[in-house]
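Q: I would like a close look at one part of this model, its interior, and at how the rest of the chain is set around that part. Please take it slowly and connect the pieces as you go.

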Amino acid sequence: MFIFHKETRLEDLGNGVTRRILAHDGKMMAVEVNFEQGAIGPMHNHPHEQLTYVLSGEFEFTIGDKKHVVTAGDTLYKEPHVMHGCVCLKPGTLLDTFTPVREDFLKS
């Protein structure tokens, strides 16, 4: 399967955050998320495993009871049902990979 960036849809989530669903099947999904400086990814949890790769920018991430500042090249793992969120310190882009697919993203 080939997914061309120009053929994907950019969703404005509001408050300085946009999301672009890249590729997905029943077991896995890749999502690009862009943040303006000061934008917040609110604390939340879900039943999916999630990997986040920082493509650019600087973020303060909270996963469970741990908080760290991450930059380009850093990777984060979020277990299912663990609370997590972030604050964007410098504008940037994250690449999120979920398993299984986030059906809720496909419905929005």
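**The interior and its surroundings**

A: The accessible surface of the protein chain comes to about 6,500 Å², and 56% of that surface belongs to carbon and sulfur atoms. The model is a predicted one, and what follows should be read in that light. Of the 108 residues in the protein chain, 38% are buried, where buried means a relative accessible area under 20%.

Before turning to the interior itself, the overall layout is worth setting out. The protein chain contains one helix and eight strands, and along the sequence these follow the pattern β-β-β-β-β-β-β-β-α. With a radius of gyration of 13 Å, close to the 13 Å that the globule rule gives for 108 residues, the protein chain is as compact as a globular protein of that length. Its C-alpha atoms fill a box of roughly 35 × 30 × 25 Å along the principal axes. Among contacts in the protein chain with a separation of 6 or more, 61% are between residues 24 or more positions apart.

Now to the interior. In soluble globular proteins, nonpolar side chains tend to be buried together. Here the largest nonpolar core has 18 residues, and those with the most contacts inside it are Met 29, Val 31, Phe 35, Phe 59 and Phe 61. At least two residues of this core come from each of strand 2 (17-24), strand 3 (29-35), strand 5 (49-63) and strand 8 (84-99).

Val 31 serves as a worked example from this core. Leaving out residues up to four places away in sequence, Val 31 touches Arg 19, Arg 20, Ile 21 and Leu 22, together with Leu 94, Leu 95, Asp 96, Phe 98 and Phe 105. Two of these partners can be placed by their numbers: Ile 21 falls within strand 2 (17-24), while Phe 105 falls within helix 1 (103-107).

The stretch that leads from strand 8 to helix 1 has a feature of its own. Pro 100 sits in the loop between strand 8 and helix 1, and the peptide bond from Thr 99 to Pro 100 is cis, with omega near -10°.

Other loops give a contrast with the interior. Asn 15, in the loop between strand 1 (10-14) and strand 2, has a phi near 55°, a positive value in a residue other than glycine; with a relative accessible area of 73%, Asn 15 is exposed, because exposed means over 50%. His 81, found in the loop between strand 7 and strand 8, likewise has a positive phi, near 70°, and its relative accessible area of 54% makes His 81 exposed. Asp 65, in the loop between strand 5 and strand 6 (66-71), is exposed with a relative accessible area of 74%, and its C-alpha atom is separated by 35 Å from that of His 5, 60 residues away along the chain.

Asp 74 is an intermediate case. Asp 74 lies in the loop between strand 6 and strand 7 (75-78) and, at 30% relative accessibility, counts as partly exposed. Leaving aside neighbours within four places in sequence, Asp 74 is in contact with Thr 52, Tyr 53 and Val 54, positions that fall within strand 5 (49-63).

As for charge, the protein chain has 11 positive and 15 negative side chains, and the centres of the two sets lie 2 Å apart.

Conventions: Residues numbered from 1 in each chain as written. Predicted model: local features only at pLDDT ≥ 70, side-chain atom pairs only at ≥ 80, totals over all residues. Heavy atoms only, no water. Core = buried A, V, L, I, M, F, W, Y, C linked by side-chain atoms within 4.5 Å. Buried < 20%, exposed > 50% of the residue type's maximum accessible area, 1.4 Å probe, protein only. Helix = DSSP H or I, 4+ residues; strand = E, 2+ residues; numbered from the N terminus. Contact = heavy atoms within 4.5 Å. Rg over C-alpha atoms; globule rule 2.2 N^0.38 Å. Areas by Shrake-Rupley, 256 points an atom, 1.4 Å probe, with all protein chains shown as cover. Lys, Arg positive; Asp, Glu negative; His and termini not counted. Charge placed at Lys NZ, Arg CZ, Asp CG, Glu CD.
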